[in-house]
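Q: I should like to learn how backbone geometry and a chain interface are read from a model. Where should such a reading begin?

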Amino acid sequence: MRGSDLSSQQTAQRRIATFTRALYRGVAKRAAQAKVWRFGLLGASALLLSTARAGAQAAPPAPDDEPFDVMHLLSDRGLHDVRDESFNLYGQFTYISSWKRGFHAPYTNANGSTNSLLPGAERSFTGSFTLFFGLRLWHGGEVYFVPEAISERPLSALHGLGGSIQNFELQKTGATTPQLYRARSYFRQTIGLGGEPVEKGSQPLQLGTVVDSHRLVLAVGNFTILDFFDKSSIVSDPRRTFFNMAFMTHASWDFPADARGYSWGGVAELYWDDWSMRVGRMTPPRNPNELQIDFRLWKFYGDQLELEHDHVLFGEPGAIRILGFQNRVDSARFDDAIAAFRADPGKNAAACTSYNYGSTNANAPDLCWARKPNVKRGVGVNVEQYLADDLGVFARGMYADGNTEVDAFNSADRSLSFGALAKGRLWRRPLDAVGVGGGMSWISSSHARYLALGGVDGFIGDGRLRAGPESVVEAFYSVNLLQPIWLSADYQRIWNPGFNRDRGPVDIFGARAHAEF
Amino acid sequence: MRSFSLLAGVVVALGSLTRVAAAQSEARGFAVERLYLSAPGAGWFVMDDLSMHGGLGGAVALTSGYARKPLQVGSGAQRLSVVTEQSFADFGFAATFDRFRLYLNLAAPLSSKGRNGTRNGEHFTGPSLTLKNTPDGFEDARLATDVRLLGQADSAFRLGLGAQLFFPTGKRSDYDSDGTYRAMARALFAGDIARFSYAGELGVHIRPLNEAATPDWPRGNELLFGLAAGLKFPLDTSAATVLVAGPELFGESAFDSLLGSRATGLEGLFTARLEVVSSRAELVRFKLGAGGGLESHLGAPEWRAVAAVELSDQFTEPREH
C-alpha cells in the first residue's frame with residue numbers, strides 16, 4: 001500500500017476504533033429464527049444520512065466523546081499506559097427486558113409439536129456480567145480470560161423464532177438463576193512481518209500495542225468464532241447497538257459453538273495492509289445445540305475461511321468480507337428424516353429413542369432417525385461503509401445449503417440483514433446512538449417440507465407450515481448517562497415467526513441498561 | 001386388639017422402610033480441593049509472603065494442578081476412591097495498594113473423576129467431569145482480601161490478616177463445591193532473614209456443610225494451619241533472578257473433633273520458584289510444586305503436582321512510611 005493511502009487508511013481505522021472502541025465489548029452466541037421485511041429502509045437510511053450531513057455542518061466539537069473505563073482512567077492519571085499494555089481489565093453489565101404483545105396465530109404447537117412461539121403476551125429478560133482480562137506473556141504473546149455470568153428467561157422457552165430472536169444475549173442453556181461460566185480462555189501470538197506500524201487501541205480482548213501492518217496472528221483455545229470472523233465496526237456488539245440476533249452476524253451462518261455460543265479451536269489470520277485473510281477450525285457440539293463439546297477435531301469440525309478488504313471511499317472507511325464455512329457434524333438431513341418416516345411410519349417424532357427435541361407428534365418425521373456425519377456449507381458477504389464520521393451503513397447476506405438441521409446457531413438457511421447506525425455527536429450527545437435495520441431469513445425447500453409435515457428442529461416447528469421468509473425490522477435509541485451507562489429503548493416487528501405465513505406479525509418492545517467499566 | 005396389631009404392623013413396616021432408606025442413603029459431593037491457593041503475587045503456593053508494597057499495583061496468576069486420589073473412604077481392601085483424580089486451571093487476579101490486597105480467583109475444573117460404590121450402607125457416586133461434558137464450568141469462585149498489620153514488605157517478621165469468601169459456583173456432583181457459601185479468616189505471618197524466607201498461617205474455615213455421619217465428609221467449621229520455609233539462591237550478581245526452594249506444610253482439622261485422626265488432613269508440598277525481574281520492572285514467577293498427603297483425610301491427596309506462572313506489576317512508586 002502506498003504511504004498516503006496507508007496514512008488515510010490508518011486515520012480511518014483510528015476513527016473506526018474511536019467510534020467503536022466500546023461498541024465492541026465481548027460478544028458471542030446463541031441461537032435463533034425468522035419472517036418478512038416490507039419497509040423501505042434505504043429511504044430511511046437516506047433520510048438519516050441527509051439529516052446527518054446537514055447537522056454535521058453546525059455541530060460544535062463534543063466536550064467528551066470517549067466512554068469511561070478503568071484502564072483509560074488509570075492511564076490518564078499516569079498509572080497505566082494504554083498504548084503499551086502488559087495487562088488490561090474491562091467489564092460490562094447488560095440487562096435487557098423484552099415484552100411481546102399477543103399476536104394472531106390460528107394454531108400453536110399443532111399435533112403435538114413443541115416449538116411454536118406462544119401467541120399470548122410474554123416478557124423475557126437477560127442479565128449478563130462479564131470481565132475481560134488480558135495479559136501479555138512476551139512480545140506478541142497474549143492470553144485472554146473472560147468469565148461471564150448470565151441470567152435469562154426467553155420467550156416461549158426459546159422456541160418459535162428462526163433467524164430473528166429478539167435478544168442476542170439469549171443462550172440455549174440459560175436459566176433465571178445466574179450461571180457463571182468461562183466464556184473465553186485463549187492464547188494469541190502476533191508475528192510481525194514488517195510494513196507500517198499500526199496502533200491497536202486498548203479494549204476488551206485487545207491489549208494496547210503497536211503491530212505491523214503485515215502480520216500473522218495465531219489464536220488457540222476457547223473463544224467464540226465471532227471474536228475473529230464476520231466482525232463489523234458498526235454492529236459487532238449488540239450490547240451497544242441492535243437487540244435482535246439477526247444483526248449480530250449472518251443468521252444462516254451455523255457457526256460451530258456450544259449452547260452458549262463458545263467453542264474450542266484455532267484461528268490463523270494474515271494481515272497485509274488493507275487485506276486480511278483468516279482461517280479457523282472449531283469444535284462443534286456433541287449433539288446439535290448442546291453445551292457438551294465434541295473435541296474430535298479430526299472427525300467433526302466447523303471450518304471457516306474469510307477474506308477481508310478494508311478501503312476508503314470518498315474519505316470514509318469501509319470494508320468488504322467474504323466468508324465461507326463448512327461444518328462436518330453429526331446431524332440429520334431433512335430429506336433423510338422424511339424418507340425414513342415414509343419408509344417406516346414407526347420412525348416418527350413421538351417414537352424417538354435417541355437425542356431429539358421432545359415432539360410428541362406421532363404423524364411427523366423427526367431428525368432423530370437420520371443423524372449421521374453430514375456436511376453443511378455456506379457462503380456470505382458482509383459490507384460496511386461509513387457515510388460520514390458518525391454514520392455508517394451495513395449489509396450482510398449468506399446462502400447456506402440448507403440440507404441439514406441447525407447444529408449450533410439458528411434455523412435460518414439463507415439470510416440478509418442491513419441497516420444504518422448513527423452516533424449522537426450531531427445532536428451534541430456523542431455517546432448516544434440510534435439505529436434502524438431490517439433482516440430477512442429463509443429456509444430451504446427440504447427444510448420447509450420437513451416442517452410442513454409436522455417436524456421440529458432445535459427451535460421451530462409449529463406442526464404445520466405455510467412457508468415464508470421470517471423478517472424483522474428494528475429501531476432503537478441508546479442514551480448515554482455519565483459516560484459508563486447506556487439506556488436504550490427498542491422496537492421490533494417480526495413477520496412470519498418460525499417461517500410460517502399463518503402466524504404473526506409479532507410486536508416486541510425492549511429496554512436495555514448497559515454499563516461498561 | 002386387632003386395631004393395635006394393625007397399628008403395630010404399620011409402625012414396624014415404617015421403621016423397616018426408614019432403615020432401608022437409611023441403608024441406601026446417598027452421599028452427595030462437596031468441595032474436595034484443599035490446595036487453598038495464596039493470593040496472586042503472594043509467592044508461595046498456599047502461604048502468603050505479605051509483601052504488598054508501593055502504590056497501586058496488581059498481579060495475575062495462572063495455576064494448574066493435579067491431585068491423585070484426593071478422596072477415599074473405607075480402609076484396607078474396602079477402600080474406595082470416590083474421587084480418583086482432580087485437575088484444575090486457576091485464574092487469579094489481584095490489586096494491591098500499600099499494605100492491602102484484594103483478589104479474585106476463578107478455577108476451571110479440567111477433570112474430576114471417581115468411582116461408585118457402597119460402604120457401610122452409604123452409596124458413593126464419584127464425579128465424571130471432563131472438559132468434553134463441562135466445557136466452561138467453574139469451581140467455587142473466591143473473593144478475598146489481605147492486609148499486613150506489622151512490618152514492611154521485606155521485614156524479618158510480618159504479620160497480617162486475611163479474609164476469603166467462596167461463592168457456590170461449582171457443583172456438588174463434580175466434587176468442587178459444598179453448594180453453600182464458605183468463608184475463611186486467617187492470621188498470616190511471614191519474613192525474610194538474609195537468604196531464609198518463611199511464611200505461615202492459622203485460621204478458621206467457616207463451613208456450613210456438616211455431614212459428619214459420613215466418614216471423610218465435611219464436619220462443619222475447621223481450623224486451618226500451615227507453614228512454609230525456603231532458601232533463596234540468587235542466580236545472577238544483580239539478584240534480578242532468584243530461585244527459592246523449600247517445603248510447605250498445610251492442613252485442616254474439623255473443630256468437632258479437633259486434631260482427631262479422621263477429622264484432620266495434612267499435606268506436604270515441596271516447592272521451587274524462579275523469580276525474575278523483567279526489564280520493565282515486573283516480577284515474574286514460575287512455580288513448581290509436588291507432594292502429597294501426610295494425613296490423607298478431608299481431601300489430602302495421595303500425591304499432587306502443581307505449576308504456576310504469575311506476574312506482579314507496580315504502577316506507582318512506594319509510599320514513604
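A: It begins with a definition: helices and strands are DSSP runs, numbered from the N terminus. The model here is a predicted one.

Q: Which peptide bond is cis, and where is A:Pro505 found?

A: As a general idea, most peptide bonds are trans. In this structure, the bond from A:Gly504 to A:Pro505 is cis, with omega near 5°. A:Pro505 is located in the loop of chain A between β17 (485-495) and β18 (506-516).

Q: How is the sign of phi to be read, and what is phi of A:Asn109?

A: Most residues other than glycine have a negative phi. Phi of A:Asn109 is near 45°, a positive value, and the residue is not a glycine. A:Asn109 belongs to the loop between β1 (87-100) and β2 (122-138) of chain A.

Q: Why does A:Asn109 count as partly exposed?

A: Buried means under 20% relative accessible area and exposed means over 50%, with partly exposed in between. A:Asn109 counts as partly exposed because its relative accessibility is 25%.

Q: What is phi of A:Leu482, and is the residue buried or exposed?

A: A:Leu482 is not a glycine, yet its phi is positive, at about 55°. The residue sits in the loop between β16 (470-481) and β17 of chain A. Its relative accessible area is 73%, so A:Leu482 is exposed.

Q: Turning to the interface, how many residues does each chain bring to the contact, and what area do chain A and chain B bury?

A: Chain A contributes 23 residues to the contact and chain B contributes 22 residues. Between them, chain A and chain B bury about 2100 Å², of which 71% is on carbon and sulfur atoms.

Q: Which residues form the salt bridge, and how many residue pairs are in polar contact?

A: A salt bridge requires a side-chain nitrogen of Lys or Arg within 4 Å of a carboxyl oxygen of Asp or Glu. Across the interface of chain A and chain B, 1 salt bridge is found. A:Arg260 forms it with B:Asp136, and the closest N and O atoms are 2.5 Å apart. Across this interface, 6 residue pairs are in polar contact.

Q: Which strands of chain A supply the side that touches chain B, and how do its residues divide?

A: At least two residues of that side come from each of β2, β3 (141-153) and β4 (179-192) of chain A. β4(A) provides the largest share, 4 residues. The residues of the side of chain A that touches chain B comprise 14 nonpolar, 3 polar and 6 charged.

Key
Residues are numbered from 1 along each chain as its sequence is written. Chains are lettered from A and ligands numbered from 1 in the order in which they are written. This is a predicted model: local features need pLDDT of at least 70, side-chain atom pairs count only at pLDDT 80 or more; totals for chains, interfaces and linings use all residues. Side-chain values use heavy atoms; hydrogens and water are left out. Buried means under 20% relative accessible area, exposed over 50%, partly exposed in between (1.4 Å probe, protein chains only). Contact means heavy atoms within 4.5 Å. Buried area is the accessible area (1.4 Å probe) that two parts lose on being put together, summed over both. A polar contact is a pair of N or O atoms within 3.5 Å; within protein, one must be able to donate a hydrogen and the other to accept it, and residues adjacent in sequence count only if both atoms are side-chain atoms. Ala, Val, Leu, Ile, Met, Phe, Trp, Tyr, Cys and Pro count as nonpolar, Asp, Glu, Lys and Arg as charged, and the others, Gly among them, as polar.
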